Amino acid sequence: MQENRCATAEEVALLRERVARVEGAHDYLQTGLDALLRQFADLRRDLTQSVDENASRTRHEIMGRVEAIGRMAQQRDTAVSDRLARIEGGIRLANWITATLITIATAVLGWSQLGEALWHFLTALVKHAG
């Protein structure tokens, strides 16, 4: 059989000292954990802010590049349109000159044939009359 005995004052004091140390360690760990949680929250906030700033900067740079590419494409389109307009103008002028020369050549040939026919008619008339 086991005897029930009462703890001595020294044993109670030792036990209280141990409990106090355990409670002190618990409080120390709780304080450390709270500090770590605050540091983690600060780190998360700073990291989120940094990511947002980098994303904003990257979007701004990309949009700037897209706008520059758009301006260059517009300039190239304008240059190509100007060249095409000059080519079309040159083709129209060449067509007008060609049509004019054909008209003049046709008129000259027509007048030439008319003159030749008139000449033959007159020479034939003179031969018959004379």
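## A salt-bridge network around Arg-45

Asp-42 pairs with Arg-45 in a salt bridge, and their closest N and O atoms lie 3.2 Å apart. This comes from a predicted model, so please read the distances as computed ones. Where do these two residues sit relative to each other along helix H1? They are three residues apart in the helix, which means that about one helical turn separates them.

Arg-45 has a second partner: its side chain also meets that of Asp-46 in a salt bridge, at 3.1 Å from N to O. Through these shared partners, Asp-42, Arg-45 and Asp-46 are joined into one network. How accessible are the three members? Asp-42 has a relative accessibility of 36% and counts as partly exposed. Asp-46 is partly exposed as well, at 39%, and Arg-45 is partly exposed with 48%. Since the partly exposed class runs between 20% and 50%, Arg-45 at 48% therefore falls inside it.

## The Glu-17 and Arg-21 pair

How many salt bridges does a search of the whole structure find? The count is three. Besides the two bridges made by Arg-45, there is one between Glu-17 and Arg-21, whose closest N and O atoms are 2.8 Å apart.

Glu-17 and Arg-21 are four residues apart in helix H1, so the separation between them is about one helical turn. Glu-17 itself is partly exposed, with 44% relative accessibility.

## A nonpolar patch on the surface

Further along the chain, you can find a nonpolar surface patch of about 620 Å². Its members are Leu-93, Trp-96, Ile-97, Leu-101, Ile-104 and Val-108.

Leu-101 is a handy member to look at in your viewer. This residue belongs to helix H1, which covers residues 9-129. Is Leu-101 buried or exposed? Leu-101 is exposed, because its relative accessible area of 52% is over the 50% cut-off for that class.

## Arg-59 and the reach of the helix

Arg-59 is another residue of helix H1. Its relative accessible area is 52%, so Arg-59 counts as exposed.

What is the distance in space between Arg-59 and Val-22? From C-alpha to C-alpha, Arg-59 and Val-22 are 54 Å apart, with a sequence separation of 37 residues.

Notes:
Residues numbered from 1 in each chain as written. Predicted model: local features only at pLDDT ≥ 70, side-chain atom pairs only at ≥ 80, totals over all residues. Heavy atoms only, no water. Patch = residues over 30% accessible without salt bridge, like charges linked within 9 Å, V, L, I, M, F, W, Y side chains within 5 Å. Areas by Shrake-Rupley, 256 points an atom, 1.4 Å probe, with all protein chains shown as cover. Salt bridge = Lys/Arg side-chain N within 4 Å of Asp/Glu carboxyl O. Buried < 20%, exposed > 50% of the residue type's maximum accessible area, 1.4 Å probe, protein only.
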